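User: I'd like to learn how to read strands, a disulfide and odd backbone angles in a model. Could you walk me through it?

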Amino acid sequence: VTGVQTCALPIYPAGVTWTAIAPAAAKTIGGIFGAAGDTTGAWVVGTNAGDLPVIWRCTSSTCGAGTVLNNAAGIGGKGWARSGVVFGSTIRVVGALNTDKDATPEIGITWTSTDGGVTWANGATIPTTTDLVSVDGLDATHIWAVGANNTAGVTTFFNGLIWTTPVQLAATTLTAVDAIDTTRVWAVGKNASGAIVLACGN
C-alpha cells in the first residue's frame, strides 16, 4: 500500500487510512479471514520464504511470527495455505502440499486448531484432490471447501466429524465458495466455455 488511501467504507470516519503490515518471512499471501465480531485481529495464510504453508495472527499494527502448518506426518512440506474459517475456538484452514519435495502442490489438505490457534494438528489429506483453494461455512458442522484435481473441480463438505469424499466436476476449475445457508451454496470458477457460477441447492 502506497500513499494515503482512505478505507472508503461508510462506517469509517473521514481520514481513517489503510496501514501496511508485513507478516514475518512471508513470500505469498493466500487469504485472510476472521471470526464474526472479533475486533482484535485477523488470520492470514500463505507461504514463507521456504515455500512452506504458514498461518499468521495479525492485529491492526503487527503480525506474529507465524506457524508452519505440517503435513500428516508432522513434517513441514512445500505447498501453501489458501483460506480458512473460524467458529468459536476452532479454526480450519485449507490448502495443498506436495508429495515429492518440489514446490508443486499435489494433494489437498486441511489443518485444524481447536484452541484458537495456539496449537495445530498435523494436516489431514483429502483424497482425489490436488489443491483446496477456498472454504466457507455456516457453523462448525456445515463447512464447504472447493478446489481441484488434475482433471476436475472438486467440492467437499465437513459435517463436524469428517470431510466427505469430494464430488468431482469434470473439466472445471473452482476458485471460491460462499455458503448462504444449509440449502444454498455458491461457487465460481471456469470450464471450457469460460467463467461459470455454480449454485447448489434451492
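Analyst: We'll take the sheets, then the disulfide, then the backbone angles.

User: Before that, what should I know about the model and its numbering?

Analyst: This is a predicted model, where local features need pLDDT of at least 70, side-chain atom pairs count only at pLDDT 80 or more, and totals for chains, interfaces and linings use all residues. Residues are numbered from 1 along each chain as its sequence is written, and side-chain values use heavy atoms, with hydrogens and water left out.

User: Okay, strands. In what order do the strands of the β1-to-β4 sheet come?

Analyst: General idea: strands of a sheet pair through backbone hydrogen bonds, either parallel or antiparallel. Strands here are DSSP runs (E, at least two residues), numbered from the N terminus, and two of them pair if DSSP finds at least two bridges between them. In this case, four strands make an open sheet ordered β1-β2-β3-β4, with antiparallel pairing. β1 (26-33) and β4 (67-68) are its edge strands, each pairing on one side only. Between β1 and β2 (residues 42-48) there are six bridges, and Gly31 has Val45 in β2 as its bridge partner.

User: Why is one side of β13 and of β15 left without a neighbour in the sheet?

Analyst: These two belong to an open antiparallel sheet of three strands, in the order β13-β14-β15. β13 (172-181) and β15 (194-201) stand at the edges with a single partner strand each, so one side of each has no neighbour in the sheet. On average, neighbouring strands in this sheet are turned by 20° against each other, direction ignored; the axes behind that angle are lines fitted to C-alpha atoms. β14 (residues 184-191) and β15 run antiparallel, joined by eight bridges, and Asn191 is bridged to Gly194 in β15.

User: How do I spot a hairpin, say around β10?

Analyst: Look at what separates the paired strands. β9 and β10 form a hairpin with two residues between them, while the hairpin of β10 and β11 has three residues between its strands. Seven bridges join β9 (residues 131-139) to β10 in the antiparallel sense, with Gly137 opposite Ile143. On to β11 (residues 152-158): six bridges join β10 to this antiparallel strand, and Trp144 has Phe157 as its bridge partner there.

User: Is β10 (residues 142-148) mostly covered or mostly open?

Analyst: Mostly covered: six of its seven residues are buried. Buried means under 20% relative accessible area, exposed over 50%, and partly exposed in between (1.4 Å probe, protein chains only).

User: Now the cysteines. Which ones does a disulfide join?

Analyst: A disulfide is a covalent bond between the sulfur atoms of two cysteines; the search criterion is a pair of cysteine sulfur atoms within 2.5 Å. The whole structure yields one disulfide, and that bond links Cys58 with Cys63, S to S 2.0 Å. The torsion about their S-S bond is about 105°, so the disulfide is right-handed. Cys58 is buried at 8% relative accessibility, and Cys63 is buried too, at 13%. Cys200, at 54%, counts as exposed.

User: Last one: what is phi for Thr128, and where is this residue placed?

Analyst: Most residues other than glycine have a negative phi. Thr128 has a positive phi, near 65°. Thr128 lies in the loop between β8 (124-125) and β9, and with 42% relative accessibility this threonine counts as partly exposed. Ala171 has a positive phi as well, near 55°. You'll find Ala171 in the loop between β12 (167-170) and β13, and at 51% relative accessibility this alanine counts as exposed.

Definitions and conventions
Axes fitted to C-alpha atoms, helices over the stretch in contact; angles between N-to-C directions.
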